[in-house]
Amino acid sequence: VFAVALAFPSVLRTASSGAVCDGSGGACNAEQDRGARVLTICNTGSLATAGWGTALGVIRSLHARGRLERAYALETRPYNQGSRLTAFELVEDGLPGTLVCDSMAAALMQRRGVDACIVGADRVAANGDTANKIGTYALSIIAKHHGVPFFVAAPTTTLDSGTRSGADITIEERPSDELCCIDVGGGQRHRIAVQGIETWNPAFDVTPCGLIAGVVTERGTLEHVDGKETFDIAGCKNAAAAEESAKRRKLG
């Protein structure tokens, strides 16, 4: 199970403090007696990964330890993985969850307070730049403005030490129908955008490493190296490979 990392000390420290920022990125009010309010995007749970999941696994782990007040899930347009999948998992597991539109993230931080953002990753480059579902980069900027720590949760298999930075990651562009139409069931789609409008529909975006507070893996949480904005992705990847190799030799 990925969420084993009783292994997520920095996420837990941040969440446990119950620090609610005032919306300006400035003063925070400590409310030590409550659990964490955590915001996520897309789906990173059992339906998309394995076990408890990655980012949703962190949220499940907080709940299991009595440290979660509420999980907020962004709907994740245009394909709605948050509303279709993450919301389902939260309800199915009985977690305190609230679904919000993507455009509500800033207002949510300003009006209700969020203690931490935790997102998944499709690829983490050697410097820590992270490609994930479209909208993740925007969320990281909003979090930075409101003083909310922004974490990435990813297994070491997602760490790509061979890709220097996010600039080297190719971003898939999806068909316009995903943006212009909605599924109404029975294989039918209803168009909501006018015919003839051009679209730009990238599936992912890249969050710069400087906006990320930590990269949570099954081996623990990577933090910035020596005060710099980068992460030692190669070191973590090599350590994981060496550990796996040692296990195989022991079994063999």
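**Cysteines, a sheet and a surface patch**

The count of disulfides comes to 0. The model is a predicted one. A disulfide is a covalent bond between the sulfur atoms of two cysteines. Take Cys181: the nearest cysteine sulfur belongs to Cys180 and is 6.0 Å away. A disulfide needs the two sulfur atoms within 2.5 Å, so Cys181 is in no disulfide. Cys181 is also buried, because its relative accessible area is 12%, and buried means under 20%. Cys117 is buried as well, with a relative accessible area of 0%.

Now turn to the sheet. It is open and has 7 strands. Their order is β5-β4-β3-β6-β9-β14-β15, and the pairing is mixed. Which strands stand at the edges? They are β5 (97–100) and β15 (220–222). Each has a single partner strand, so one side of each is left without a neighbour in the sheet. From one strand to the next, the twist averages 25 degrees.

Look next at one pair within this order. Strand β6 covers residues 116–119, and strand β9 covers residues 150–153. The two run parallel and are joined by 3 bridges. Here Ile118 stands opposite Phe151 in β9.

Last, go to the surface. Ile182, Val184 and Ile192 make a nonpolar patch of about 260 Å². Where does Ile192 lie? It is in the loop between β12 (188–191) and β13 (204–207). Is Ile192 buried, exposed or partly exposed? Ile192 is partly exposed, because its relative accessible area is 49%, and the exposed class begins over 50%.

How values were computed:
Residues numbered from 1 in each chain as written. Predicted model: local features only at pLDDT ≥ 70, side-chain atom pairs only at ≥ 80, totals over all residues. Heavy atoms only, no water. Patch = residues over 30% accessible without salt bridge, like charges linked within 9 Å, V, L, I, M, F, W, Y side chains within 5 Å. Areas by Shrake-Rupley, 256 points an atom, 1.4 Å probe, with all protein chains shown as cover. Salt bridge = Lys/Arg side-chain N within 4 Å of Asp/Glu carboxyl O. Helix = DSSP H or I, 4+ residues; strand = E, 2+ residues; numbered from the N terminus. Buried < 20%, exposed > 50% of the residue type's maximum accessible area, 1.4 Å probe, protein only. Pairing = 2+ DSSP bridges. Axes fitted to C-alpha atoms, helices over the stretch in contact; angles between N-to-C directions.
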